[in-house]
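Here are my notes after a look through this one. I start with a helix and then move on to how the chains meet.

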Protein chains: 2
Amino acid sequence: MADTGKKNVLVIGGGAVGAIAALNLEIGGLATVTVVLRSNFKAVSEAGYSIESCDHGTFQGWKPSHVRNKVPDITRETLPPYDYVVLTTKNIPDIPPTISSLISPALPTENTHTTLVLIQNGLNIEKPILQSHPHTPVISGVSLIGSAETDPGTIIQDDKDRLFIGAFRNPHIPFDLESSKAREFVKIYSAGGKTDCAYSENVLYDRWRKLVYNACLNPICAITGLDTGRIRLAGGGIEGLVRPAMKEIVEAAAKKGVLLGEEVVGFMIEVDPLEIYLAPSMLADVRKGNFIEFENLLGEPLREGKAAGVPMPTLEVLYNICKTIQWRTKEARGLVEIPPKRNLGTQ
Amino acid sequence: MADTGKKNVLVIGGGAVGAIAALNLEIGGLATVTVVLRSNFKAVSEAGYSIESCDHGTFQGWKPSHVRNKVPDITRETLPPYDYVVLTTKNIPDIPPTISSLISPALPTENTHTTLVLIQNGLNIEKPILQSHPHTPVISGVSLIGSAETDPGTIIQDDKDRLFIGAFRNPHIPFDLESSKAREFVKIYSAGGKTDCAYSENVLYDRWRKLVYNACLNPICAITGLDTGRIRLAGGGIEGLVRPAMKEIVEAAAKKGVLLGEEVVGFMIEVDPLEIYLAPSMLADVRKGNFIEFENLLGEPLREGKAAGVPMPTLEVLYNICKTIQWRTKEARGLVEIPPKRNLGTQ
């Protein structure tokens, strides 16, 4: 790869979020992007992406600089280290492989050069990585994009790409270094001029705020089978489930020093216009038979809130229901074995 | 109808429970049975029932003395009053018609002759009838039968017909009258010699005890999509959901003077053998797209427990989820109207 002065960026996960990130980074002109694809590798490597983006316009057959079907092993391939590894996959710690093992081939163990950017939802997602890669700067990306992959390689982005970037605290690395990496990433992500990418001092605030939606409305929709419009129309949905759950998150956040304000509850209940009947990610995943990201989105804030002494009865029930839904998906995929059925015949 | 000395019994609802009740009553020889059918009327009136019963054996083309496709209007048809009207339909007070309006044509308003037997689950099911038909003796039937209608008119009974019969308390009628009607019904129901039909002094005890299963395991299976075997295998199912819910019911019952004993929880968790993977009624109903009986099975004990000061956080969440599931079924059946979908196109 010629030295172009551009940053060398590896995007792991080229779905709805990753494809727009890759496109935006390349349009900005400050990055050369390699995208690692899995389910849509064949479609994209053969015909490129088909993208309709409210930020960037329409693209037919667009390809990032490089596509790969697995995470490159920089040691074995003797590749120069990436400047940024951007993770845009789902984060499902209860289902292998772990994020740490997924990214390992692309990160030298004693690395401080490569910065890892986690554009993923939930709480404490950096913790396993601080353990497995203690010297890697890890950056938090909280994305509010509205984007979907309707077919392999076909991306519809219908809500603006807003991204909050900040540094997770890593005790092994000076905060200045982390912070400057985060600011640099904001610069290269903002270079195209079409996104709202901002540096954020308060990563925890960004994450807890998004959890008001993601720990509550998201699993409630997945459990009830109702989208964010219908849950507002069905009796019991908002007042019986969503609002009590959101209040528990606001209280847990407050106990952790993150003051969101009561009004965030009303805001998040109505953040999706009713009439678009939007299926949040967990509901979409349940419908597709995919695993759900409930541990980081719901389990972690529940555990933190309970440990801080906040009563979280609603989230507790939602969490345990999510656990059974995850088990159901495991069974459907042949990942759990159950005793054979015994027929009770008539006697 | 000739006077045979037999009791004249109307069974409303000829499904899995009603068909076996009708068969058993006719086999006993002390009753002439008319069965009111709805969805399976055509099948049964043309070809009779096909029944495989662990209590009674195998029957092909069996018909009760009379079948009808609606509740007889005894005034308009100038029929003699029935001795017993036995209700074996589901009881879903949130979906019309009400039970009171369903049975009205078969009961003279000033009736004290006809006794109503409710072989239905849940709490407070007699209350609307004590209002609409204050002079009708109303008998409680708590059935523990295992029976299913696999096709219209095809009944498989694979677990013994056990029935607890007792009198609901009606302030307008002497208890002796109610009690003697209940005991008489036990006699005619037991005449065939194959069932465990017993008179029970303590109707509330029978009902609360069955609620330990029906207010907890039943809706939890419906919500999670897991049968009673799988819910025991899925992490979080029993310890996170079923056991806490059952404990809330036991506590509520105790506050209402019904002492079930802690051991009922363990008993009900394992009452269905794991390996038969039994789908309780609400799960079966959700799978068939039917309405669920959640108001009497879950809503009433929840309201009674809360009014008595028992904290019921688990049942509260389960109840509100059931409410949204019922709404989903209403939408599927065109019973609710929602604003049209607005497409968010790319800009």
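1. Start with what the buried residues of α11(A) touch: they pack against α4 (127-132), α6 (203-224), α8 (237-255), α10 (281-288) and α12 (313-332) of chain A. Keep in mind that this is a predicted model.

2. How covered is α11(A), then? Mostly: eleven of its 14 residues are buried. Among them are Phe294(A), Leu297(A), Leu298(A) and Leu302(A), but the list also takes in Glu295(A), Glu300(A) and Glu304(A).

3. As for its geometry, α11 of chain A runs over residues 294-307 and reaches 18 Å from its first C-alpha to its last, close to the 20 Å expected at 1.5 Å a residue. After the helix comes Gly309(A), with a positive phi near 90 degrees.

4. Now the contact between the chains. Chain A puts in 42 residues and chain B puts in 42 residues. The area buried between them is about 3,800 Å², and carbon and sulfur atoms give 65% of that.

5. On the polar side, I'd look at the four salt bridges counted between chain B and chain A. One to pull up on screen is Arg342(B) with Glu275(A), at 3.5 Å, N to O. There are also ten residue pairs in polar contact between the two chains, both at pLDDT 80 or more.

6. Which elements of chain B supply at least two residues each to the side that touches chain A? They are β10 (154-159), α6 (203-224), α7 (230-233), α8 (237-255) and α12 (313-332). The largest share, eleven residues, comes from α12(B). By class, that side of chain B has 21 nonpolar, twelve polar and nine charged residues.

Definitions and conventions: Residues are numbered from 1 along each chain as its sequence is written. Chains are lettered from A and ligands numbered from 1 in the order in which they are written. This is a predicted model: local features need pLDDT of at least 70, side-chain atom pairs count only at pLDDT 80 or more; totals for chains, interfaces and linings use all residues. Side-chain values use heavy atoms; hydrogens and water are left out. Contact means heavy atoms within 4.5 Å. Buried area is the accessible area (1.4 Å probe) that two parts lose on being put together, summed over both. A salt bridge is a side-chain nitrogen of Lys or Arg within 4 Å of a carboxyl oxygen of Asp or Glu. A polar contact is a pair of N or O atoms within 3.5 Å; within protein, one must be able to donate a hydrogen and the other to accept it, and residues adjacent in sequence count only if both atoms are side-chain atoms. Helices (H or I, at least four residues) and strands (E, at least two) are DSSP runs, numbered from the N terminus. Ala, Val, Leu, Ile, Met, Phe, Trp, Tyr, Cys and Pro count as nonpolar, Asp, Glu, Lys and Arg as charged, and the others, Gly among them, as polar. The expected span of a helix is 1.5 Å times one less than its number of residues. Buried means under 20% relative accessible area, exposed over 50%, partly exposed in between (1.4 Å probe, protein chains only).
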